[in-house]
Amino acid sequence: MLKENVAALLNEQVNKEFYSAYLYLDFANYYEDEGLKGFANWYRVQAQEERDHAMLMIQYLQNNDCKVTLEAIAKPDCVLNERMDPLKEGYKHEQYVTSLINNIYSAAYEERDFRTMQFLDWFVKEQGEEETNASDLIKKMELFGDDAKSLYMLDSELAGRVYAAPSLTL
Ligand code: FEO
């Protein structure tokens, strides 16, 4: 059994990951309406990855005989007026998620819960990659977003993102 506080934080994180999926689906819908189908694809794939994160946490909790409680998922609350808005909000959101993962890691560390620390190592690395991806997208949009042809090329590049199952198995 995991310590109650560690299990509770992991259970809360399940909800946060589902919220992330919901938020990125909202971004995908925004870009779909804008006619930028490549950006929409990129965020749809991201939404699938977030769902995977939630499912991995559920499985980890259940593997450790912890009960999982699903709470209501909040409505995505980002105001999206410009094409850059989802990219900036996404980067901010990933930084926030990194802080949440770090909090759970700290709690596991305090409890000498090495198993959970090892489980979370994958998420620590994943957060690093997700922050880099989000920041790279902003840089690309800053460089190319104002030129129609370049934006078309960037949208075509993002259309090529393909979903891959997570490398972590439990
Ligand atoms: Fe589940 Fe984007 O971190």
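**Close-ups of an all-helix predicted model**

**View 1. The span from residue 1 to residue 145.** Its end C-alpha atoms sit 50 Å apart, and the span is 80% helix and 0% strand (helices are DSSP runs of H or I, at least four residues; strands are E, at least two; both are numbered from the N terminus). An unreviewed UniProt entry puts "domain: Ferritin-like diiron" on residues 1-145; such annotations may be inferred rather than shown by experiment. This is a predicted model, with local features needing pLDDT of at least 70 and side-chain atom pairs pLDDT 80 or more, while totals for chains, interfaces and linings use all residues. Residues count from 1 along each chain, and side-chain values use heavy atoms, leaving out hydrogens and water.

**View 2. The protein chain, end to end.** Five helices and zero strands make up its secondary structure, running α-α-α-α-α along the sequence. The C-alpha trace spans about 55 × 25 × 25 Å along its principal axes. Of the 170 residues, 47% count as buried (under 20% relative accessible area, 1.4 Å probe, protein chains only).

**View 3. Who lines the largest cavity?** Y24, W42, Y43, Q46, L87, G90, Y91, E94, E130, N133 and A134 do, each having an atom within 4 Å of a cavity point (on a 1 Å grid over the protein atoms alone, a cavity is a set of points where a 1.4 Å probe fits but cannot get out). Helices α2 (37-63), α3 (84-110) and α4 (114-144) each give two or more residues to this lining; α3 gives the most, with four.

How values were computed: 1 Å grid on protein atoms, 1.4 Å probe; cavity = no way out; pocket = protein on both sides within 12 Å on 5 of 7 lines; lining within 4 Å. Buried < 20%, exposed > 50% of the residue type's maximum accessible area, 1.4 Å probe, protein only.
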